[in-house]
Each structure stands twice: as C-alpha cells, then as structure tokens.
Amino acid sequence: MKKLFKSTAKFDARAVEMGIGELVLQENAARAVADLIREKIAPGGEVIALCGGGNNGADALAAVRMLAGDFECKAILTRELAEGSNAAKQAQIAKKTGVKIISNLNYNSNLK
C-alpha cells in the first residue's frame with residue numbers, strides 16, 4: 001500500500017473546521033477497522049484492543065464496540081482516560097455493549 005501523505009491530522013482538523021465532529025470521524029475510522037477485522041477473523045473469535053487516552057484510543061474503543069456482537073471483545077486501557085474525553089465517551093458506550101474494559105494496570109513506568 002502506498003502512502004499518499006505523512007499525517008492525517010491536518011485532514012481531520014479541516015473536517016472538524018467544516019463541521020464534521022470528531023465523534024463522526026472516529027465512527028468512520030472505527031467502521032473501517034471493524035470491517036477489516038470481520039474480513040480477516042471468523043466470528044466468535046477474540047479481539048483485544050490496546051487503547052491509549054487519545055483519539056486513536058477512542059477509535060479502537062469504537063471499533064471493538066462495533067465488533068462486540070460477533071466477537072468476544074476486550075479493551076485494555078494503557079492509561080487513565082480524561083473525564084469527558086472522546087476516549088472516555090467511547091469507553092462508556094463500549095462497556096454498555098458488552099466490551100470488557102481492563103484498566104488500572106500496574107506497570108513500572110520507570111523502565112527504559
């Protein structure tokens with residue numbers, strides 16, 4: 001696959017400026033990921049998403065939510081989600097659809 005650009009950040013910012021909300025962008029990204037997973041993995045399998053607290057984490061949370069009816073879905077949060085963030089909103093929705101949310105992992109962040 002040939003990359004046509006280095007970053008989508010400017011395209012996302014432009015879409016938001018034009019009135020397309022971030023949650024709509026996340027739903028579109030999540031749908032593309034969910035569709036790809038459905039093509040590659042048989043229903044009934046397990047899908048685990050590693051999710052940070054930013055918009056990519058929110059995309060992943062939305063994707064596992066979309067897959068929850070056909071797969072056993074878990075989301076491992078790599079950090080605490082900021083209250084009111086898109087990732088926190090997506091996590092709340094995902095949990096309601098049966099996604100197991102795993103958080104508060106104890107790890108040594110001093111490792112280099």
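Helix axes are lines fitted to C-alpha atoms over the stretch in contact, and the angles between them run from 0 to 180 degrees between N-to-C directions. With that convention in hand, the tour of this predicted model can begin.

**First stop: α3 and α4**

Select residues 55–67, which form helix α3, together with residues 86–96, which form helix α4. Their axes come within 8 Å and cross at roughly 15°. Angles under 35 degrees count as roughly parallel, and α3 and α4 are therefore roughly parallel to each other. The crossing of this pair is left-handed. To display the contact, show Asn55, Ala58, Leu61, Ala62 and Arg65 on the α3 side, and Asn86, Ala87, Gln90, Ala91, Ile93 and Ala94 on the α4 side. Coloured by class, the residues of this contact comprise 7 nonpolar, 3 polar and 1 charged.

**Second stop: α2 against α3**

Keep α3 on screen and add α2, residues 22–40. The axes of α2 and α3 come within 8 Å and cross at roughly 55°, which makes α2 oblique to α3. The crossing of α2 and α3 is right-handed. From α2, select Glu22, Gln26, Glu27, Ala29, Ala30, Arg31, Val33, Ala34, Ile37 and Arg38; these meet Asn55, Ala58, Asp59, Ala62, Ala63, Arg65, Met66 and Leu67 of α3. The contact of α2 with α3 divides into 10 nonpolar, 2 polar and 6 charged residues.

**Third stop: α2 against α4**

Now hide α3 and bring back α4. The axes of α2 and α4 lie 11 Å apart, and the two helices pack at an angle of about 55°; α2 and α4 are therefore oblique to each other. Here α2 passes α4 in a right-handed crossing. The residues to select are Glu22, Leu23, Gln26 and Glu27 in α2, with Asn86, Lys89 and Gln90 in α4. By class, the contact of α2 with α4 has 1 nonpolar, 3 polar and 3 charged residues.

**Fourth stop: the largest pocket**

Show a surface and select Thr8, Ala9, Asp12, Val16, Glu22, Leu25, Gln26, Asn28, Ala29, Asn55, Asn56 and Asp59, which line the largest pocket. About 280 Å³ of space lies in this pocket. Two or more lining residues come from each of α1 (9–17), α2 and α3. Which element supplies the largest share of this lining? That element is α2, with 5 residues. The lining of the largest pocket divides into 4 nonpolar, 5 polar and 3 charged residues.

**Fifth stop: the second largest pocket**

Next, select Leu77, Leu81, Ala82, Glu83, Gly84, Ala88, Ala91, Gln92, Lys95, Ile101 and Ser103, the lining of the second largest pocket. The space in this pocket is about 200 Å³. The element that gives the most to this lining is α4, with 4 residues. By class, the lining of the second largest pocket has 6 nonpolar, 3 polar and 2 charged residues.

**Last stop: Ile76**

Finally, centre the view on Ile76, which is in strand β2, residues 72–77. Draw a distance from its C-alpha atom to that of Ile101: the two residues are 25 residues apart along the chain, and the atoms are separated by 6.1 Å. Then show the contacts of Ile76, leaving aside its neighbours within four places in sequence. The residues to select are Ile48, Ala49, Leu50, Cys51, Ile102 and Leu105.

Key. Residues are numbered from 1 along each chain as its sequence is written. This is a predicted model: local features need pLDDT of at least 70, side-chain atom pairs count only at pLDDT 80 or more; totals for chains, interfaces and linings use all residues. Side-chain values use heavy atoms; hydrogens and water are left out. Angles under 35 degrees count as roughly parallel, over 145 as roughly antiparallel, 65 to 115 as roughly perpendicular and the rest as oblique. A crossing is left-handed if the near helix is turned anticlockwise from the far one by less than a right angle, and right-handed if clockwise. Contact means heavy atoms within 4.5 Å. Ala, Val, Leu, Ile, Met, Phe, Trp, Tyr, Cys and Pro count as nonpolar, Asp, Glu, Lys and Arg as charged, and the others, Gly among them, as polar. On a 1 Å grid over the protein atoms alone, a cavity is a set of points where a 1.4 Å probe fits but cannot get out, and a pocket is an open set with protein on both sides within 12 Å along at least five of seven lines; lining residues have an atom within 4 Å of a point. Grid points are joined across faces, edges and corners, and a volume is the space filled by probe spheres set on the points.
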